Amino acid sequence: MAAIAVTILFVLGMPAVAAEVLRLGVTPVILHDQYSAMLAFRNYLETKLGRPVELVSRNSYRQTIDMIERRELDVAWVSAFPYVYLHHHDNVRLVAMPLIKGRPTFRAYLIVSADDKVTSSVLQLRDKIFAYADPYSHTGFVVPKYDLRAAGEDPKTFFSRTFFCAGHKNVVRAVASGLADGGSVDSFVWDSLAVVEPELTAKTRIAGRSQEFGSPPIVAGHHVSNDDVGRLRRILLGMNEDPEGSLILRKLQVDRFVAGDSRSFDGVEEMMRATGDL
Amino acid sequence: MNPLDLSYRHKIPLWGGLLVVMTAFAVSAVLMVQTYEEMEDDLVIDTATLAEALAPEVFAAMVNGNIWRAYDVVSTPLDRKRSGPNLPGKAENIIVVDNNMQVFAAAFPRLARVGADLETLGPEFTAIANQLRVNAGSSESVSSIPDSPRLFYTMPIADQGARLGTLVVVLRKSSFMPRFFEIARYGVVAAVVLLGLLLPFNWYWGRRMAEPLVQLTERMREVGTQSPKELDPSLYTHRDEIGSLFMTYNRMLAELKEKGELERQVMQADRLAALGQLAAGVAHEINNPLGGMLMAIDTLKGRSITDLRTAKTIALLERGLDQIKETVGALLVEAKVKSRSLSERDIEDVLVLVLPQVHKKGLHLDWHNDVVGEVALPATLVRQVLINLLLNATHAAAPQGQIACNVHVSEDQLRVKVANDGRLITDEQMGHLFEPFSPLSEEGHGLGLWVTYQIVHQLGGTITASREGGCMQFAVQLPAGRMPT
């Protein structure tokens with residue numbers, strides 16, 4: 001029965017397999033402004049895999065998570081929160097992790113306006129306006145909440161107002177413009193922005209840095225075959241040995257990809273449990 | 001000096017120039033005011049269009065409590081990087097306020113902090129908040145706060161009656177001023193160019209208008225003090241009022257001249273008549289004793305005078321008395337001499353008499369005589385007149401020159417014209433031409449013309465001297481058919 005069912009599924013799935021489109025999801029952890037770099041990344045994968053790759057970009061983490069759960073995406077470059085969330089529900093496998101500045105990790109930055117010379121902790125922002133990146137972002141939401149809880153504060157009432165900005169870059173904009181007094185962003189995003197749009201990051205100041213977390217991983221849905229995952233991993237890990245791949249990596253401000261270990265995200269999982277997000 | 005007393009030469013161009021300048025300024029001012037108002041209107045229209053485009057998006061953001069989305073929507077149109085800093089009509093800020101008059105989001109959050117009460121943003125905003133409370137902000141409106149450089153455009157953020165707040169667009173009134181100044185600068189340049197063309201034209205035209213009037217005035221002022229000159233007709237050729245003024249002036253001048261000439265002639269005649277009377281009276285008074293003296297000398301000479309000295313003295317006396325008699329005789333022109341009538345022969349005799357003199361000087365004589373038969377005029381006197389005039393002409397003519405004599409007779413008068421091409425007589429000399437002992441006479445006693453005048457006058461005729469075509473001409477008219485009795 002099972003064999004028949006597999007056969008039927010296989011036959012039904014044939015046209016899809018024949019199309020062989022690989023759907024690659026991107027979360028706002030990657031700057032939208034770096035879309036040309038992402039397109040180059042897609043083209044690179046397309047050439048190496050020998051099959052079409054479709055880039056699917058969504059503004060919110062939740063949408064990306066949903067699409068993976070619904071198997072509308074095969075592969076996705078996500079952030080720590082979605083990975084832990086999806087992994088917790090046993091929906092994805094880790095394909096690779098980027099090595100950034102020589103380390104497979106990133107942090108959360110607490111940023112404030114450049115005019116604010118005193119703040120060094122989120123605890124000093126009582127009754128201020130605070131900008132979060134996304135409700136499903138570890139660095140952009142969970143980390144400040146965790147810090148507040150650890151200090152015995154209620155994140156719901158500590159700030160006078162909070163809002164979500166649909167992306168880490170927008171947190172930087174909100175803080176730079178004065179819309180928010182503080183915000184929490186992905187260090188990978190802020191550091192990339194500091195290179196691409198230094199005049200924007202110059203209006204903000206990093207007031208605090210969190211501990212290190214596993215860097216935003218590339219994951220594959222469970223419906224993707226082990227072969228495909230293996231091939232993709234091999235291509236990603238070999239990018240830095242290839243002149244074209246190196247160029248794309250430089251544009252993405254990534255040193256290279258490593259196989260990675262899901263234990264890198266244990267700290268994230270722990271914090272998410274603590275804040276009730278898992 | 002009163003500027004209204006200025007000469008027309010300056011007044012017309014100045015007035016014209018003043019009018020041109022005033023017109024240019026008035027038109028420029030009207031256009032500028034209109035441009036300013038249109039720009040202000042445009043600012044409001046642009047703002048209304050912007051607000052209408054933003055309001056639905058802001059409504060959606062407010063429904064979801066999405067501060068970021070509201071900020072993103074209102075800040076995008078004001079993003080300096082996207083639209084450039086000098087775009088006209090740029091809003092200073094766009095503020096989203098909720099129904100509690102608290103800032104929900106703003107394009108420039110540093111100027112309007114999220115969560116702040118609208119009143120706390122400044123006195124202008126307090127006034128706006130009050131206005132919104134009073135009219136409930138039910139419709140869009142433009143508010144201008146006194147003493148504020150800003151305009152406030154408010155628009156309800158509502159959908160199908162559900163009102164979430166108000167969109168407040170803060171405009172700087174002067175935001176279009178750079179553009180307005182640019183347009184105004186073009187206007188001023190155009191006006192200056194126009195003035196540069198019109199003012200010289202106006203100046204030229206004004207001077208042209210005034211010049212004939214000025215000339216006329218100057219000439220009129222001369223009337224009565226000196227002999228005025230005629231106006232140059234080429235100065236003004238049109239047949240309008242000024243043209244007819246020119247013509248009238250010239251006619252008046254001609255009449256004045258004629259009258260002056262007439263007066264001069266009358267005066268001369270009066271003077272000559274008085275002189276003639278005086279001369280005749282003196283001559284008569286002298287003639288009587290003179291006759292006695294001459295008779296006495298005659299008697300004395302009849303006796304034989306042996307004393308040589310006495311004989312010499314008597315001869316001296318006789319010569320002196322003869323000279324007096326001759327002079328007095330010349331002064332005393334007696335026309336009342338019995339004479340036969342003038343005949344063709346008499347005129348030809350005169351020709352024979354003067355020809356030797358004429359030939360001696362090598363002159364060319366142009367002779368015309370149409371007297372045929374007898375004319376009822378005393379022959380002796382006419383001959384004397386003719387001889388006098390011809391001899392004078394011969395003297396006056398230039399060597400190898402020309403003289404002309406024309407004797408013409410008609411039914412009732414004899415006309416004689418004698419001309420020579422010698423030196424012309426001056427105006428001054430003309431005035432004293434017929435007086436006795438003329439300084440003009442280089443030889444003789446200067447009584448020739450005096451005698452001629454007296455004869456002509458006593459015969460009831462006229463004699464005139466004139467300068468015609470470079471020739472000195474004497475014309476005599478004698479009424480014929482009247483023999484002196």
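**Exercise 1.** Find out how many contacts beyond four places in sequence the model has for residues 5-19 of chain A, where pLDDT stays under 50.

*Solution.* Start with the fact that this is a predicted model. Across residues 5-19 of chain A, where pLDDT never reaches 50, there are zero contacts beyond four places in sequence. Now step back to the whole chain: chain A has an average pLDDT of 87, and 91% of its residues score at least 70.

**Exercise 2.** Work out which strands stand at the edges of the five-stranded sheet in chain B.

*Solution.* First, write down the order: E2-E1-E5-E4-E3, an open sheet with antiparallel pairing. Next, look for strands with a single partner: these are E2 (103-106) and E3 (141-144) of chain B, so each has one side without a neighbour in the sheet. From one strand to the next, the twist averages 25°.

Then zoom in on one edge. E1 (residues 91-98) and E2 of chain B are joined by three bridges, and Ile95(B) has Ala106(B) in E2(B) as its bridge partner.

Finally, add the helices. H1(B) packs on the sheet and touches E1, E2, E3, E4 and E5 of chain B, its direction making about 145° with that of E5(B). H2 (residues 67-75) of chain B touches E1 and E2, at about 45° to E2(B).

**Exercise 3.** Track down the residues with the most contacts inside the largest nonpolar core.

*Solution.* The core has 130 residues, and the answer is Val58(B), Ala70(B), Val74(B), Val96(B) and Leu167(B). By element, H1 (residues 8-63) of chain B gives the largest share, nine residues. Now take Val58(B): beyond its sequence neighbours within four places, its contacts include Ala70(B), Val96(B), Ile157(B) and Leu167(B).

Conventions: Residues numbered from 1 in each chain as written. Chains lettered and ligands numbered in written order. Predicted model: local features only at pLDDT ≥ 70, side-chain atom pairs only at ≥ 80, totals over all residues. Core = buried A, V, L, I, M, F, W, Y, C linked by C-beta atoms within 7 Å. Buried ≥ 20, exposed ≤ 12 C-beta atoms within 10 Å, placed from the backbone. Helix = DSSP H or I, 4+ residues; strand = E, 2+ residues; numbered from the N terminus. Contact = placed C-beta atoms within 7 Å. pLDDT = per-residue confidence, 0-100. Pairing = 2+ DSSP bridges. Axes fitted to C-alpha atoms, helices over the stretch in contact; angles between N-to-C directions.
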